[in-house]
Amino acid sequence: QLQLVESGGGLVQPGGSLRLSCITSGFTVGYYDIGWFRQAPGKEREGVSCISDSGSYTVYADSVKGRFTISRDNAKKTVYLQINSLKPEDTAVYYCAAKRSWSWNRQTCIPDAYTYWGQGTQVTVSS
């Protein structure tokens, strides 16, 4: 059974940091691109960052460039999202998702391109 489980969310002050983890099971993660997405109340789900199956390619939303870093450890079946310099507008539920990798395309870091989803972890940025 293919599963993705997010962890690491929480309440943090502006300027703080978090590291989100996406632990996968039930499939060979090295064959899948993984993405991080987020959804704020009243807004559509948006792509934050995606990483290719081998980790060679990454893409970031303009709003998080320079603050977020995506990485993966296929041996540990885990994908990470390091979030620094958090802002109140980063408040959202963060989801990780997987799609079978055929060829890397930075344009497909969008929710509709991803097949398998975790349940999400809440990130709240507030003083």
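1. Asp90 and Arg67 are both buried in this predicted model, and their side chains meet in a salt bridge with an N to O distance of 2.7 Å. The two residues come from distant parts of the chain, since Asp90 sits in the loop between S8 and S9 while Arg67 belongs to the loop between strand S6 (58-60) and S7, a separation of 23 residues. Through shared partners, salt bridges join Arg38, Glu46, Arg67 and Asp90 into one network.

2. A further salt bridge of Asp90 is made with Arg38, where the closest N and O atoms are 2.9 Å apart. Here too distant parts of the chain are linked, with Arg38 in strand S4 (residues 32-39) and Asp90 in the loop between strand S8 (78-83) and strand S9 (92-100), 52 residues apart. Arg38 is buried, as is Asp90, and the network named above includes Arg38 and Asp90 together with Glu46 and Arg67.

3. Over the whole structure, the search for salt bridges finds five. One of them may be set beside the buried pairs: the side chains of Lys65 and Asp62 meet at 3.1 Å, N to O. Lys65 counts as partly exposed because its relative accessibility is 46%, whereas Asp62 is exposed, because its relative accessible area of 65% lies over the 50% cut-off.

4. Turning to the strands, an open sheet of four strands has the order S1-S3-S8-S7, and the pairing within this sheet is antiparallel. Its edges are formed by strand S1 (3-7) and strand S7 (68-73), each of which pairs on one side only. On average, and with direction ignored, neighbouring strands of this sheet are turned by 15° against each other.

5. At the S1 edge, five bridges join S1 to strand S3 (residues 18-25), and these two strands run antiparallel. As a specific point of register, Gln3 has Ser25 of S3 as its bridge partner. The faces of S1 may also be told apart, with Leu4 and Glu6 on the covered face and Gln3, Val5 and Ser7 on the uncovered one.

6. Which residues does Ser52 contact, leaving aside its neighbours within four places in sequence? They are Tyr32, Asp33, Tyr57, Arg72 and Trp104. Ser52 itself lies in the loop between strand S5 (46-51) and S6, and it is buried because its relative accessible area is 2%, which is under the 20% cut-off. In addition, a polar atom of the Ser52 side chain lies 3.2 Å from the backbone nitrogen of Ser56.

7. The structure holds six aromatic pairs. Among them, Tyr32 and Tyr116 have ring centres 6.3 Å apart and planes at 65°, so this pair is edge-to-face. The pair links distant parts of the chain, with Tyr32 in strand S4 and Tyr116 in strand S10 (residues 116-117), 84 residues apart. Tyr32 counts as buried because its relative accessibility is 12%, whereas Tyr116, at 33%, counts as partly exposed.

8. Tyr57 and Trp104 form an aromatic pair that is stacked, with a distance of 6.3 Å from centre to centre and an angle of 10° between the planes. Tyr57 lies in the loop between S5 and S6, and Trp104 in the loop between S9 and S10, so the pair ties together parts of the chain that are 47 residues apart in sequence. Tyr57 counts as partly exposed at 47% relative accessibility, and Trp104 is likewise partly exposed, with a relative accessible area of 25%. Tyr57 and Trp104 are also among the contacts of Ser52.

9. As a last point on the aromatic residues, ring pairs link Phe37, Tyr95, Tyr114 and Trp117 into a cluster.

Conventions. Residues are numbered from 1 along each chain as its sequence is written. This is a predicted model: local features need pLDDT of at least 70, side-chain atom pairs count only at pLDDT 80 or more; totals for chains, interfaces and linings use all residues. Side-chain values use heavy atoms; hydrogens and water are left out. Two strands pair if DSSP finds at least two bridges between them. Axes are lines fitted to C-alpha atoms, for helices over the stretch in contact, and angles run from 0 to 180 degrees between N-to-C directions. Buried means under 20% relative accessible area, exposed over 50%, partly exposed in between (1.4 Å probe, protein chains only). A salt bridge is a side-chain nitrogen of Lys or Arg within 4 Å of a carboxyl oxygen of Asp or Glu. A polar contact is a pair of N or O atoms within 3.5 Å; within protein, one must be able to donate a hydrogen and the other to accept it, and residues adjacent in sequence count only if both atoms are side-chain atoms. Contact means heavy atoms within 4.5 Å. Rings of Phe, Tyr and Trp (its six-membered ring) pair if their centres lie within 6.5 Å; planes under 30 degrees apart count as stacked, over 60 as edge-to-face and the rest as tilted.
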